[in-house]
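Hi,

Here is the structure I promised to pass on. Have a look at it first, and then read my notes below.

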Amino acid sequence: VRRRPATEAKLVDRMLDVGAGTLLSNLIMFFIILTAALTLHAQGKTEIATSREAAEALRPLAGDFAVGLYALAIIAVGLLSIPTLAGSAGYAFGEALHWPKGFDNKLRDAVSFYATIILSIAIAVLIDFLRIDPIQSLFWSAIVNGVLAPFLLVGILLSARDPRIMKKQQSSVPAQVIVGLTTVAMFAAAGVMFYGLLQGD
Amino acid sequence: MTDRTTSDRQVVDRPPLRATGTRRRVPDFSCAAGSLAAWEHASGMTKPSQPGLLRRVARALGPGLITGAADDDPSGIVTYSMAGAQHGMALLWLAWITWPLMAAVQMMCARIGMVTGKGLGEVLTLKFPRAVVVVACCALFLANTINIAADLAGMGDAASMLFGLRPYPYVVLFGAGIAFAMVRCRYALIAAVLKWLVLSLFAYVVTAFLVHPDWPEVARDLRPDAAARPGDVADRGGHPRHHHQPLSLLLAGLAGGRGANAARTLRRAASAGNGG
């Protein structure tokens, strides 16, 4: 069955959606940095070692409920993002190796797919039992992702500009340029990080 | 652009296509935690199509607005907090400069999914040797697992602050609960409720306004060169400098947080495309 090409209207719809979603995501990032700067940094508290200290940033709004508000936000976004993280690994393997995949399958019909997901979460729980300072581990995970992301971006970019794969609906040249610059910037960030680690400071 | 009315009509004129497409696709997404947006898109498509640009914009914006906020995961929230606490407003510029970059990356992923109708993993096997893609999958698995560990640790810590006890019981509880729900339940339905809790992140927006910052100074710190002199910024308040996380690590962490979002949205964006 030949697929109908994606209509321009739907692509524009998605562009609006993606633009608004990422804007909101970055707006939240902006205000978290700003609020931490205005509260913690302004009070001379430059080092966050515990969740309780991170929660203090919300004190001007919530007073003694700052801890509760912070915990609510952390747990909510965690419950939403963990399934996405585990699921994306399951899908990635499933697509690359042609496993039966997708959450509509029963466990016994897509054993490998579900096993990947369960294994990922189980290993994560074990890692947490091995040590670990939660603040530090949150931080290191961002760094591991920072190293992986640029390589994935190269794959995405090369695929999106391939007329055969994209059925002649390749990404526009400006989009390719922006994603190319993003890739370079993320390689640079990873390089700067390793330089910093080697300097040992 | 010029044929917007035509394309509008195209969309409006084909409700049967959309409906059947949805019926066929929804099971695919029904529980895909990785395709929350896809599920929402799919369910959005079951609504009768309405003409009019405004309504179309409103409908297009719906899912993205909330899933956008959900993109800032626990590790992101902590990294941003650390950045602000250590360097004040010196790293604020990263927040706006990464917007078009992220938007372009996600749009490219969405486009690949919508045009090919395949997930990204499969598309990459068309372009690269399968072994390379499998190595990339392993790296993704590793990175995501560490990310999950970090998120669980943050959640366990938060819950222990709230309810007492040590964090570990909560880590096991959250981990087991999520795994069970993903296998047994329709997690997308749970997520559709949970996502409203993400609005609690707006507490940071409200707090920023409550403390009445010097907005012109905030605007000055939006310039990227503010980061070139982090020492000045850190010392501006006259506080002694404590032992800092090196700036290079923080920068990488921030980029990584954004990168994690990109990686995470790959699957979501690509699978959302299947509905198109």
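A term you will need straight away: a crossing of two helices is right-handed if the near helix is turned clockwise from the far one by less than a right angle, and left-handed if it is turned anticlockwise. Please also keep in mind that this is a predicted model.

Let's begin with chain B on its own. It has 14 helices and 0 strands, so by the definition of these elements there are 14 helical DSSP runs to find when you scroll along it. Of its 276 residues, 60% count as buried. Among contacts in chain B with a separation of 6 or more, 71% are between residues 24 or more positions apart.

One helix to pick out there is α5(B), residues 74-87. With 14 residues at 1.5 Å a residue, this helix should span 20 Å, and its end C-alpha atoms are indeed 20 Å apart. α5(B) is mostly covered, with 14 of its 14 residues buried. Just after α5(B) comes G88(B), which takes a positive phi of about 60°.

Further along chain B, A219(B) sits in helix α12, residues 215-220. Is A219(B) buried or exposed? Neither quite fits: its relative accessibility is 43%, so A219(B) counts as partly exposed. Its C-alpha atom is separated by 9.5 Å from that of L92(B), although the two residues are 127 apart along the chain.

Now for the places where the two chains meet. Two packed helices are described by the angle between their axes and the distance between the axes, so I'll give you both each time.

First up is α4(A), residues 66-97, with α9(B), residues 167-184. They pack at an angle of about 55°, with their axes 11 Å apart. That makes α4(A) oblique to α9(B). The crossing of α4(A) and α9(B) is right-handed. On the α4(A) side the residues are I75(A), L79(A), I82(A), P83(A), A86(A) and G87(A), and they meet F174(B), I178(B) and M182(B) in α9(B). By class, this contact has 8 nonpolar residues, 1 polar and no charged.

α4(A) also packs against α8(B). Here the axes come within 8 Å and cross at roughly 160°. α4(A) and α8(B) are therefore roughly antiparallel to each other, and their crossing is left-handed. The residues of this contact divide into 27 nonpolar, 7 polar and 2 charged.

α8(B), residues 130-163, has another partner in chain A: α5(A), residues 111-130. The angle between α5(A) and α8(B) is about 50°, and their axes are 8 Å apart. That makes α5(A) oblique to α8(B), and α5(A) passes α8(B) in a right-handed crossing. The contact of α5(A) with α8(B) has 10 nonpolar, 3 polar and 1 charged residues. Residues of α5(A) taking part include L119(A), S120(A) and I123(A), while those of α8(B) include F141(B), T145(B) and I148(B).

What does S120(A) touch, leaving out residues up to four places away in sequence? Its contacts are A86(A) in its own chain, and F141(B), T145(B) and I148(B) across in chain B. S120(A) lies in α5(A), and because its relative accessibility is 0%, S120(A) counts as buried.

That should get you started. Happy browsing!

Conventions
Residues numbered from 1 in each chain as written. Chains lettered and ligands numbered in written order. Predicted model: local features only at pLDDT ≥ 70, side-chain atom pairs only at ≥ 80, totals over all residues. Heavy atoms only, no water. Helix = DSSP H or I, 4+ residues; strand = E, 2+ residues; numbered from the N terminus. Buried < 20%, exposed > 50% of the residue type's maximum accessible area, 1.4 Å probe, protein only. Contact = heavy atoms within 4.5 Å. Expected span 1.5 Å × (residues − 1). Axes fitted to C-alpha atoms, helices over the stretch in contact; angles between N-to-C directions. Parallel < 35°, antiparallel > 145°, perpendicular 65-115°, else oblique. Nonpolar A, V, L, I, M, F, W, Y, C, P; charged D, E, K, R; others polar.
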